[in-house]
Amino acid sequence: MTATLPYLDEADVFGLVPFADAVAALAKALSGGLDPQASLQRSIHDVEHGQLLLMPAETATAMGVKLSTVAPGNSGRGLPRVQALYVLYDRVTLTPVALLDGTALTTLRTPAVSAVAVDHLAPPGARHLVVFGSGPQAWGHVEALRAVRPLSDVTVVGRDPDRAAALVARVRDSGLDARVGSHDDVADADVVVCATTARQPLFDGRRLRPGSCAVAVGSHEPDARELDDVTIGAAERVVVESRGVALREAGDIIQAVRAGVVAEDSLIELRDAVHLAPTTGSSVFKSVGMGWQDLVVADLAHQRWTERGHA
């Protein structure tokens, strides 16, 4: 191991792997045989002021682990709620080869995974996106989803008016029409993204337009959810990254199964969803985040960093 490992910061991560490239890399990994169900499991540890998450992963080309923390009190300190560091290893020698900004990886790979699902679930002409949340994940989903659908209108629904307005301004600067809205705007949405810290459903699923696609990425705990039973129960297709992981960690799914609105064996895994024929029915994608997603993007970033002569 070298004395000093290269560190790829936020600018490096986003500069080396644009959202569209992250979407393509994740889709390629799934179509190439990667099985999320067989992936190494995340471990979650409660600590005094939040949680410590360890997310290991191995693919055919690399190995790595994300060390992540969740500190709910950080919002009042002006600090990110989620922070992370990624350690990338040589798969054969198990030697550390690079460190990466894990927070940037999370901001990049989570929307990219959603975009992989949306590309096979949402109407081909989807233009109106309603996004709940106003943080990095909300912005990231706008950028990732516009890589797979012809988005033209974005409605932001957020608890903090100033942050919601700031995201609207950023989206407008990127060339899309955008405005601040409310939960009622889901009635006119083609795609609804929930990227919040909510522990209860964010909107009434009865208001969703038939044929829409709802995405929830905000939680990985059995007692937290962003989507109600109506939204999940009305969906023709409910897609998860891994059935086993969803039934352990995805509160939206766990609670809907308990309520009897969706059956465990009806859940579609993402690697199978990429082979589905288009549908006009409503759909749901619930993501809790998995280590293989970070690794695929981290490995690509490191490969490109090396190709550019930094090795």
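Q: Which residues of helix 8 (residues 251-259) are buried?
A: This is a predicted model, so the answer rests on computed accessibility. The buried residues of helix 8 pack against strand 11 (213-216), helix 6 (229-234), strand 12 (237-240), helix 7 (243-249) and strand 14 (283-286). The buried residues themselves are Gly-251, Asp-252, Ile-253, Ile-254, Ala-256 and Val-257.

Q: Which residue with a positive phi follows helix 8?
A: Helix 8 covers residues 251-259. The residue that follows has a phi near 80°, and that residue is Gly-260.

Q: Is Leu-94 buried, partly exposed or exposed?
A: Leu-94 sits in the loop between strand 5 (82-89) and strand 6 (96-101). Its backbone is worth a look too: phi is positive, about 65°, although Leu-94 is not a glycine. Most residues other than glycine have a negative phi. As for accessibility, the relative accessible area of Leu-94 is 48%, and buried would need under 20% while exposed would need over 50%. Leu-94 is therefore partly exposed.

Q: How many of the 10 residues of helix 4 are buried?
A: Let's list them: Gln-137, Ala-138, Trp-139, Gly-140, His-141, Val-142, Ala-144 and Leu-145 are the buried residues of helix 4. They pack against helix 2, helix 3, strand 7, strand 8 (153-157), helix 5 and strand 10 (191-194). Helix 4 is thus largely enclosed by the rest of the structure, and its buried count is 8.

Q: Are helix 3 (residues 102-121) and helix 4 (residues 136-145) parallel, perpendicular or oblique?
A: The axes of these two helices come within 8 Å and cross at roughly 45°. Angles from 65 to 115 degrees would count as roughly perpendicular and those under 35 as roughly parallel, so helix 3 is neither to helix 4. Helix 3 passes helix 4 in a right-handed crossing. The relation of helix 3 to helix 4 is oblique.

Q: How many nonpolar, polar and charged residues form the contact of helix 3 with helix 4?
A: From helix 3 come Thr-106, Thr-107, Thr-110, Pro-111, Ala-112, Ser-114, Ala-115 and Val-118, and they meet Pro-136, Gln-137, Gly-140, His-141, Ala-144 and Leu-145 in helix 4. Sorted by class, these residues give 7 nonpolar, 7 polar and no charged.

Q: Is Thr-107 buried or exposed?
A: Thr-107 belongs to helix 3. Leaving aside residues up to four places away in sequence, Thr-107 touches Phe-14, Phe-19, Pro-136 and Gln-137. Its relative accessible area is 14%, and the cut-off for buried is under 20%, so Thr-107 is buried.

Q: How many nonpolar, polar and charged residues make up the contact of helix 2 with helix 3?
A: Helix 2 (residues 19-31) and helix 3 pack at an angle of about 60°, with axes 8 Å apart, and are therefore oblique to each other. Phe-19, Ala-22, Val-23, Leu-26, Ala-27 and Leu-30 in helix 2 meet Thr-107, Leu-108, Arg-109, Pro-111, Ala-112, Val-113, Ala-115 and Val-116 in helix 3. By class, the contact holds 12 nonpolar, 1 polar and 1 charged.

Q: Which class is absent from the contact of helix 4 with helix 5 (residues 161-173): nonpolar, polar or charged?
A: The axes come within 11 Å and cross at roughly 25°, which makes helix 4 roughly parallel to helix 5. Pro-136, Ala-138, Trp-139 and Val-142 in helix 4 meet Arg-163, Leu-167, Arg-170 and Val-171 in helix 5. The contact has 6 nonpolar and 2 charged residues, and the class with none is polar.

Q: Which helix gives the most residues to the largest nonpolar core?
A: Nonpolar side chains tend to be buried together in soluble globular proteins. Here the largest nonpolar core has 94 residues, of which Leu-100, Val-192 and Leu-270 touch the most other members. Among the contacts of Leu-270 are Val-113, Val-116 and Ala-117. The top contributor, with 10 residues, is helix 3.

Q: How far apart in space are Gly-125 and Asp-190, C-alpha to C-alpha?
A: Gly-125 lies in the loop between helix 3 and strand 7 (128-132), and at 44% relative accessibility Gly-125 counts as partly exposed. In sequence, Gly-125 and Asp-190 are 65 residues apart. In space, their C-alpha separation is 8.7 Å.

Technical notes: Residues numbered from 1 in each chain as written. Predicted model: local features only at pLDDT ≥ 70, side-chain atom pairs only at ≥ 80, totals over all residues. Heavy atoms only, no water. Axes fitted to C-alpha atoms, helices over the stretch in contact; angles between N-to-C directions. Helix = DSSP H or I, 4+ residues; strand = E, 2+ residues; numbered from the N terminus. Parallel < 35°, antiparallel > 145°, perpendicular 65-115°, else oblique. Left-handed = near helix turned anticlockwise from the far one by under 90°. Contact = heavy atoms within 4.5 Å. Nonpolar A, V, L, I, M, F, W, Y, C, P; charged D, E, K, R; others polar. Core = buried A, V, L, I, M, F, W, Y, C linked by side-chain atoms within 4.5 Å. Buried < 20%, exposed > 50% of the residue type's maximum accessible area, 1.4 Å probe, protein only.
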